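Visitor: I have not seen this structure before. Please take me through it by question and answer.

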Amino acid sequence: MGETMLSTLRRAILGVALAALAAGGPATDAFAQAPAKDFLNAVVGVNAEIPAEARTAALLGTKRAGSGVVIDSSGLVLTIGYLIVEATDVTVTDAEGASIPARIVAYDHQTGLGLIRTLRPVAGTPMAFGRSDDLKELNPVIVVGRNDDERIVLARVTSRREFAGSWEYIMENAIFTAPAHPHHSGAALIGPDGKLLGIGSLIVAQSIPGIGIVPGNMFVPIDVLKPILADLLAEGHQNTPRQPWLGLSPEEVRGRLFVTRVAPEGPAEKAGIREGDIIVGVGGVAVDTMAGFFRKVWSLGPAGTDIPIDVIQGSAVRRIVVRSADRYAWLRLDMTH
């Protein structure tokens, strides 16, 4: 999309949102009266240093920067997990510009969320949780990231739907918004009452009727954290059996699942699956979507289960049995987990 069209879209959506605020009413009054200073101060910068030998260094880099949200008075910060996974050094920049060391509390691949805790108090008021399950299409929201050039984007919810990521990930009922916040990693999605509704994960292309394909953001809903927060604080992860991990990344192309990446020393590579293979089934059951493929694999048992994958290699269809693994054992996680 050209810059002019993108600017027009942003102005249009912002215009609708601002008009709604001006019109008044219970929801918009609450939005207008939300304690801006409080929610701005609760959003902090997150910087992480990752060793070159980390499993995720090649894809995600060794210097990662984004945002997080202070969620309690002891310096607990909620962020997106990919910023901190395998990090050996994490710092938080608070509302007063102070750089504060932090330790990793939890990394949860299943939701994509991460928790860190600062080693001394953080300036600002913690942000309370809202109810993301109540968030509907066209609801107005504020997206806040901790960066200097563009911190706040006034947006609208464009859809609530499933999201499947090639890194063996599914988020049910993810939150999609537009226009896009360019500094989305760990950004706060905030409702009219000033409460936290989600954590920024991605910039994604999405189709808006009457406009076309536009960039927006995908957020992890805050409600997925609530039932697992105690586990994350106590154990550093969910206290449930680990999902079977294959170590491959598929891409959907016209009803086919092409393997675009195989994790070095991962289960799929060890079993003989290669980049360019086409996944057509699991144990004789046909699959043609990422979500369908992942769900079928996960239904067969916990990490360590043998997964029979039907693939096209060259001109032949082969069944390759992959001994699945625990992703957390493959990652080179910092001992502070």
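Guide: Strand S15 is a good place to begin, and this is a predicted model. Strand S15 covers residues 278-282.

Visitor: How many of the five residues of strand S15 are buried?

Guide: A residue counts as buried when its relative accessible area is under 20%. Strand S15 is mostly covered by that standard. The number of its buried residues is four.

Visitor: Which residue of S17 is the bridge partner of Gly-281?

Guide: Strand S17 spans residues 306-313 and pairs with S15 in the antiparallel sense, over four bridges. Gly-281 has its bridge partner in S17, and that partner is Asp-310.

Visitor: Which residue of S15 is the bridge partner of Leu-257?

Guide: Strand S14, residues 256-262, runs antiparallel to S15 and is joined to it by two bridges. The partner of Leu-257 in S15 is Ile-279.

Visitor: Which residue in the turn between S15 and S16 has a positive phi?

Guide: Strand S16 consists of residues 285-286 and is joined to S15 by two antiparallel bridges. In this pairing Gly-281 stands opposite Ala-286. The two strands form a hairpin with two residues between them, and the one with a positive phi, about 60°, is Gly-283.

Visitor: In what order do the six strands of the barrel close?

Guide: The pairing in this barrel is antiparallel. Neighbouring strands of the sheet are turned against each other by 40° on average, direction ignored. The barrel closes in the order S1-S2-S3-S6-S5-S4.

Visitor: Which residue in S5 is the bridge partner of Thr-91?

Guide: Strand S4 (residues 89-93) and strand S5 (residues 99-108) run antiparallel, joined by four bridges. For Thr-91, the partner in S5 is Pro-101.

Visitor: How many aromatic pairs are there?

Guide: Ring centres must lie within 6.5 Å for a pair to be counted. By this rule the count is seven.

Visitor: What kind of pair do Phe-163 and Trp-167 form?

Guide: A pair of aromatic rings is described by the distance between the centres and the angle between the planes. For Phe-163 and Trp-167 the centres are 6.0 Å apart and the planes meet at 45°. Planes under 30 degrees apart count as stacked and over 60 as edge-to-face. The pair of Phe-163 and Trp-167 is therefore neither of these, given its 45° angle, and is called tilted.

Visitor: Why is the pair of Trp-167 and Tyr-169 stacked?

Guide: The ring centres of Trp-167 and Tyr-169 are 5.7 Å apart. Planes under 30 degrees apart count as stacked. The planes of Trp-167 and Tyr-169 are at 25°, so the pair is stacked.

Visitor: Which residue of the cluster of Phe-163, Trp-167 and Tyr-169 counts as partly exposed?

Guide: Phe-163, Trp-167 and Tyr-169 form one aromatic cluster. Phe-163 counts as buried because its relative accessibility is 13%, and Tyr-169 counts as buried at 3%. At 35%, the residue that counts as partly exposed is Trp-167.

Visitor: How far from the ring centre of Tyr-328 is Arg-242?

Guide: A charge over a ring occurs at Phe-176, where the charged end of Arg-161 sits 3.7 Å from the ring centre. Arg-242 lies over the face of Tyr-328, and its distance from the ring centre is 4.0 Å.

Visitor: What is the volume of the largest pocket?

Guide: This pocket is lined by 33 residues, and those closest to its centre are Thr-56, Leu-59, Leu-60, Tyr-82 and Trp-167. Elements that give two or more residues to the lining include helix H4 (57-60) and strand S11 (196-208). The volume of the largest pocket is about 730 Å³.

Technical notes. Residues are numbered from 1 along each chain as its sequence is written. This is a predicted model: local features need pLDDT of at least 70, side-chain atom pairs count only at pLDDT 80 or more; totals for chains, interfaces and linings use all residues. Side-chain values use heavy atoms; hydrogens and water are left out. Two strands pair if DSSP finds at least two bridges between them. Axes are lines fitted to C-alpha atoms, for helices over the stretch in contact, and angles run from 0 to 180 degrees between N-to-C directions. Buried means under 20% relative accessible area, exposed over 50%, partly exposed in between (1.4 Å probe, protein chains only). A charge sits over a ring if NZ of Lys or CZ of Arg is within 6 Å of the ring centre and within 35 degrees of the ring normal. On a 1 Å grid over the protein atoms alone, a cavity is a set of points where a 1.4 Å probe fits but cannot get out, and a pocket is an open set with protein on both sides within 12 Å along at least five of seven lines; lining residues have an atom within 4 Å of a point. Grid points are joined across faces, edges and corners, and a volume is the space filled by probe spheres set on the points.
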